[in-house]
Amino acid sequence: MTTLHDIAEQIAKCEKCPLHYSRKHPVPGEGSSNAKIMFIGEAPGYHEDRQGRPFVGASGRLLEELLNNVGIQRQDVFITNVVKCRPPGNRDPEPEEIAACRPYLEQQIDIIQPKLIVTLGRFSMQRYFPKASISRIHGQPKREGDRIYYPMFHPAAALHQPRWRTALEDDVRKIPELIAELESATADNSVDQDEDDQFEQLSFF
Ligand code: URA
Ligand code: SF4
C-alpha cells in the first residue's frame with residue numbers, strides 16, 4: 001500500500017514538470033495521515049523551498065495563528081499545496097505544472113481521506129469549484145458525500161488586503177461548525193488506522 005512517505009519520495013525524485021530545475025527542496029506537505037482536515041495551498045514560496053516544509057513563512061504564521069484561535073493545532077491537520085515545487089520568483093503555477101503535479105495530491109487525498117478539504121486561494125479552489133470567483137464563494141461549504149469542500153482566501157492575500165484578512169478570519173471561525181456537522185453525521189463510524197501513522201489518532205482538534 002502506498003504511504004505518504006512513498007509519495008514524498010516520489011516527489012523528491014520527480015522531474016515531471018520544469019519546476020524541478022529550480023527547486024532547492026520539494027515540499028510534499030506534512031501532517032497526520034489520519035487528519036480530518038486537509039489544507040491545500042498554492043505552491044511553496046521562498047521559505048518553504050529552503051526548508052522543504054509547507055506554510056512556514058509569513059502566510060504560514062498567519063494560518064497557524066487563525067487556526068489556533070479556533071482551537072485547531074497545526075499537527076492535527078494535513079497541509080500541502082497544488083504544486084510541490086517552488087515556481088521561480090513565486091510566479092503563479094502554470095496549468096501544465098498543476099496538471100503534472102495533480103496525481104501526487106490525489107494520492108495524498110486517497111490516503112488521508114480527509115472529511116474537510118479547505119482550499120486556500122484560487123489555484124487550489126479551481127479543481128473543486130471550477131470557474132468560481134473566490135471573492136464570491138469564499139466561506140461557502142460544498143458538501144459531496146461525507147466530505148465538505150470549503151474555499152477560503154489565501155493567507156498571503158489576507159496579509160496584503162485588510163478586507164480579505166477579515167474575510168479569512170470569518171471563514172476560519174466557521175470551521176468548527178463544519179467539523180461538528182460532519183462529526184454528528186459520522187458519529188458511529190470508526191476510523192481506520194494506517195500502519196504509518198506518525199501521530200496518535202486524534203479527534204478533530
Ligand atoms: N503559500 C502557499 O500557497 N503555500 C505554501 O506552502 C506557502 C505559501
Ligand atoms: Fe514534479 Fe510536482 Fe515538482 Fe513538478 S511541481 S517537478 S510535477 S513534484
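**Figure 1. Arg86 lies in the loop between β3 (78-81) and α5 (95-112).** The model shown here is predicted. This view places Arg86 between a strand, β3, and a helix, α5.

**Figure 2. Arg86 is buried and has no salt bridge.** The nearest side chain of opposite charge belongs to Asp49, 4.7 Å from Arg86. A salt bridge requires a side-chain nitrogen of Lys or Arg within 4 Å of a carboxyl oxygen of Asp or Glu, so a pair beyond that cut-off is not counted. Asp49 is nevertheless one of the residues that Arg86 touches.

**Figure 3. The side chains of Arg86 and Asn90 are joined by a polar contact.** The distance for this pair is 2.8 Å.

**Figure 4. Arg86 touches residues from elsewhere in the sequence.** Leaving aside residues up to four places away in sequence, its contacts are Leu19, Ser22, Pro44, Gly45, Tyr46 and Asp49. In the protein, 74% of the contacts with a separation of 6 or more are between residues 24 or more positions apart.

**Figure 5. The protein around Arg86 has 10 helices and six strands.** Its radius of gyration is 16 Å, which agrees with the value near 17 Å for a compact globule of 205 residues. Along the principal axes, the C-alpha atoms fill a box of roughly 45 × 45 × 30 Å. Buried residues make up 51% of the 205, and Arg86 is one of the buried residues. The exposed area of the protein is about 10300 Å², with 47% supplied by carbon and sulfur atoms.

Conventions: Residues numbered from 1 in each chain as written. Chains lettered and ligands numbered in written order. Predicted model: local features only at pLDDT ≥ 70, side-chain atom pairs only at ≥ 80, totals over all residues. Heavy atoms only, no water. Helix = DSSP H or I, 4+ residues; strand = E, 2+ residues; numbered from the N terminus. Buried < 20%, exposed > 50% of the residue type's maximum accessible area, 1.4 Å probe, protein only. Lys, Arg positive; Asp, Glu negative; His and termini not counted. Polar contact = N/O pair within 3.5 Å; in protein donor to acceptor, adjacent residues only side chain to side chain. Contact = heavy atoms within 4.5 Å. Rg over C-alpha atoms; globule rule 2.2 N^0.38 Å. Areas by Shrake-Rupley, 256 points an atom, 1.4 Å probe, with all protein chains shown as cover.
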